[in-house]
Amino acid sequence: MTPLRLRMIEDMQIRNLSLQTQTAYVQQVSLFARHFGQPPDRLGRDDMRAYQIYMARDKHLAASSIAVAVAALRFLYTVTLKRAWTAEEDIPAGRQPRKLPNVLSQEEVGQFLGAVRDMKHRVILTICYAAGLRISEAVHLRPSAIDSQRMVIRVEQGKGSKDRYVMLSPRLLDILRKYWKETHPKEWLFPGDRPGQPITRHAVERVCQQTRKRSGITRPVTPHSLRHAFAVHLLEGGADLRTIQLLLGHRSLTTTSKYLRIATSKVCATASPLDSLQVIAPVVPDLVPA
């Protein structure tokens, strides 16, 4: 490991960035350096501009992928190398398209969950929908996180290293009790194939792909689709945005407000002005003389 890579990793650890973020940033800096065949501390503004053009025009990478590379390079040059640069000007980030998620109906959620064959996989995906958890949060649940006295689930160190509580529905509690009697999990609620480790998010994502084909649902389904469905169905059921924000663990209410554009009960409940328009029939002149 080079001294520069070690220093960057230490800088990220000091700032308590997640292990996933650290891995992504190191990988992006490595790709940047390999592209030019030089250490990143010998590269400058013009090289970064050329690399961004390469990612967008030659590699045709998605805007989200380019954004990760930009974030990694900004961290390297402004934090680790302490270059006197203005990140927004010297390492600009491209505009990302704002797309609405494709949300499953309640009937489709039931159809999908019913097609999951393995009990452990079905319970994991059910929790993603019933409590609005991210898949990374669901796979890292411990049995002690289920509080049947207060009817809550404690999510520890979710995105942004934040703890929060989410609801534990009576129906989900029954499902978890049946799962407990069947499997008797110990350290992790959903253990993986490797001893002492939880099931991986990638394993659950593969199950989603297989189940979608088997269920007959044509639109894409991922564990995050169930989280989106949780938020939209709550909103359509009358829950307020602030409550949904807390349940989802969003830092900003702006992030949660995107579901207002998806909830059909909110969008379609508003009457069109055409419905109240007094239509006046046009007067047709009588061309036949009396």
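Which helix is His 228 found in? I looked this up before anything else, keeping in mind that the model is predicted.

**Entry: His 228**

I found His 228 in helix 11, the run covering residues 223-236. Next I checked its accessibility: His 228 comes out at 11% relative accessibility, so I put it down as buried. Then I asked what His 228 is in contact with, leaving aside neighbours within four places in sequence. My list reads Pro 101, Val 103, Lys 258 and Tyr 259.

**Entry: helix 1 against helix 2**

I moved on to the N-terminal end of the numbering. Helix 1 takes in residues 3-14 and helix 2 residues 19-36. Their axes come within 10 Å and cross at roughly 150°. Angles over 145 degrees count as roughly antiparallel, and helix 1 and helix 2 are therefore roughly antiparallel to each other. I also noted the hand of this crossing of helix 1 and helix 2, which is right-handed.

Which residues make the contact? From helix 1 I wrote down Arg 5, Met 8, Ile 9, Met 12 and Gln 13. Helix 2 brings Gln 22, Tyr 25, Val 26, Val 29 and Ser 30. Sorted by class, the contact of helix 1 with helix 2 has 6 nonpolar, 3 polar and 1 charged residues.

**Entry: Tyr 25**

Tyr 25 caught my eye in that list, so I gave this helix 2 residue its own entry. Is Tyr 25 buried or exposed? Tyr 25 counts as buried, at 15% relative accessibility, because the cut-off for buried is under 20%.

Leaving out residues up to four places away in sequence, I see Tyr 25 touching Met 8 and Met 12, both of which belong to the helix 1 side of the contact. Tyr 25 also touches Leu 17, Val 68, Ala 71, Ala 72 and Phe 75. I followed up on Ala 72: Tyr 25 and Ala 72 are 47 residues apart in sequence, yet 4.6 Å apart in space, C-alpha to C-alpha.

**Entry: cysteines**

How many disulfides does a search of the whole structure find? I get 0. Why does Cys 128 not form one? The closest cysteine sulfur to that of Cys 128 is in Cys 208, and at 7.8 Å it is too far for a bond; a disulfide would need the pair within 2.5 Å. Looking from the other end, I find Cys 208 in no disulfide either, with the sulfur of Cys 128 as its nearest cysteine sulfur.

I checked burial for both. Cys 128 is buried, with a relative accessible area of 0%. Cys 208 is buried too, with a relative accessible area of 1%.

Technical notes: Residues are numbered from 1 along each chain as its sequence is written. This is a predicted model: local features need pLDDT of at least 70, side-chain atom pairs count only at pLDDT 80 or more; totals for chains, interfaces and linings use all residues. Side-chain values use heavy atoms; hydrogens and water are left out. Buried means under 20% relative accessible area, exposed over 50%, partly exposed in between (1.4 Å probe, protein chains only). Helices (H or I, at least four residues) and strands (E, at least two) are DSSP runs, numbered from the N terminus. Contact means heavy atoms within 4.5 Å. Axes are lines fitted to C-alpha atoms, for helices over the stretch in contact, and angles run from 0 to 180 degrees between N-to-C directions. Angles under 35 degrees count as roughly parallel, over 145 as roughly antiparallel, 65 to 115 as roughly perpendicular and the rest as oblique. A crossing is left-handed if the near helix is turned anticlockwise from the far one by less than a right angle, and right-handed if clockwise. Ala, Val, Leu, Ile, Met, Phe, Trp, Tyr, Cys and Pro count as nonpolar, Asp, Glu, Lys and Arg as charged, and the others, Gly among them, as polar.
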